[in-house]
Amino acid sequence: MDSASEVVHGFPHLRTVRSALTALYRRITADVLHADFALSVPAADVALAADEDLHLGVQRVAHALVQHLRLPDARVIVGFREMPEAAVVELAAGPEYFVELNPRFREYRRDIGGALAHEVMHVCLDRLGLSFPGTADNEILTDTATAYLGAGWLLLDAFREGGGASQRFGYLTPEEFGYVVAKRALAFGENPEVWFTSPQAYEAYTAGMDMARRDARRPPLTASGRLGRHRYTRDRRRAQELFARAGGGGLTTTAAPDDGYAFEDGSPLRVSFPCPVCHQRIRVPVRGHVRARCGLCKAVLECDT
């Protein structure tokens, strides 16, 4: 895991983040997610007191993260080494895994939990056999999984900016971390705001929550609002006219990328759109009010098609 002095903001990796959420639900399942990861890792379990022995404290935090991520037969051994990265993990057959931290964490103890969370998640995903092709996308998957499984708020809380120095951990932007933490908060009924010690982390979480709530206000969902409904009605009419001129043939027409819905020719006309929780595409007939149930995350969605 790297830390960077220059902090990128916004949502440049949003498509990959959403794909990572879908992959998590496909690999772990909604039932297991809500049974095993109903609660985020408590702040007290991953904090090191100023007078606590550093090496014993680091091992305690690593063990807490192993337990949280349901890896009871994995042993994480943590050491310190001079290196450009903030932390690295050696993935092997197990049951022992070796994590190395940058020596600067001897001074900045408050960030050790975030650094370890990312590396222990590498172990978790390796055991699950879940990965994305390419190093960058795989690191985004790791950050997304860490946040959605209840340990990524530590990575977000390590974000600081201003006063002549900046710091962030991971490969997501602060706002993207905020987005995934917010998606988890909405899905699991949590309030992570009380855990943040960094004002900049709280601001990033707020921006992420705005984006997460926007996912649930896109047509054809009934919460889309007047403007969204207007766009959807216009696009539906244009699709119907296009299909009528084409005379069938199984055509698909995509509307605005921000909304993500697409109409499919047929009898009846159908519309597909991303689930606001797990982002798997849902396909329903165009026939007014429809209650759709996502087959992946089991969310029940009220739609006006």
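The expected span of a helix is 1.5 Å times one less than its number of residues. Keep that in mind for helix α3, one of the stops on this quick tour of a predicted model. We'll also look at the nonpolar core, a buried aspartate and a few cysteines.

**Helix α3**
- Helix α3 covers residues 54-68, which makes 15 residues. From first C-alpha to last it reaches 21 Å, close to the expected 21 Å.
- At the N-terminal end, aspartate 53 acts as the cap, with a side-chain oxygen 3.2 Å from the backbone nitrogen of histidine 55.
- After the helix comes arginine 70, and its phi is positive, near 60 degrees.
- Plenty of α3 is tucked away: Leu54, Gly57, Val58, Val61, Ala62, Ala64, Leu65, Val66 and His68 are buried.
- What sits over those buried residues? The cover includes β1 (75-80), β3, α4 and α6 (153-157).

**The nonpolar core**
- The largest nonpolar core has 93 residues, and Val58, Leu65, Leu101, Leu116 and Phe263 are the ones that touch the most other members.
- Which element gives the most to this core? That's α4, with 9 residues.
- Leucine 116 touches Val58, Val61, Ala62, Leu65, Val78, Val99 and Leu101, once residues up to four places away in sequence are set aside. Val58, Val61, Ala62 and Leu65 also appear among the buried residues of α3.

**Aspartate 111**
- You'll find aspartate 111 in the loop between β3 (96-101) and α4 (112-128).
- Is aspartate 111 buried or exposed? It's buried, with a relative accessible area of 2%.
- Its side chain makes a polar contact with the side chain of arginine 160, at 2.6 Å.
- Leaving out neighbours within four places in sequence, aspartate 111 is in contact with Phe105, Ala158, Arg160, Gln167 and Phe169.

**The cysteines**
- A disulfide is a covalent bond between the sulfur atoms of two cysteines. How many disulfides are counted in this model? With a cut-off of 2.5 Å between sulfurs, the count is 0.
- Cysteine 278 is in no disulfide, and the nearest cysteine sulfur, in cysteine 294, is 3.5 Å away. Cysteine 278 is buried too, with a relative accessible area of 0%.
- Why does cysteine 303 have no bond to cysteine 275? Because its sulfur is 9.7 Å from that of cysteine 275, the closest cysteine sulfur, and that's too far for a bond. Cysteine 303 is buried, with a relative accessible area of 0%.

How values were computed: Residues are numbered from 1 along each chain as its sequence is written. This is a predicted model: local features need pLDDT of at least 70, side-chain atom pairs count only at pLDDT 80 or more; totals for chains, interfaces and linings use all residues. Side-chain values use heavy atoms; hydrogens and water are left out. Helices (H or I, at least four residues) and strands (E, at least two) are DSSP runs, numbered from the N terminus. Buried means under 20% relative accessible area, exposed over 50%, partly exposed in between (1.4 Å probe, protein chains only). A polar contact is a pair of N or O atoms within 3.5 Å; within protein, one must be able to donate a hydrogen and the other to accept it, and residues adjacent in sequence count only if both atoms are side-chain atoms. Contact means heavy atoms within 4.5 Å. A nonpolar core is a set of buried Ala, Val, Leu, Ile, Met, Phe, Trp, Tyr and Cys residues joined through side-chain atoms within 4.5 Å.
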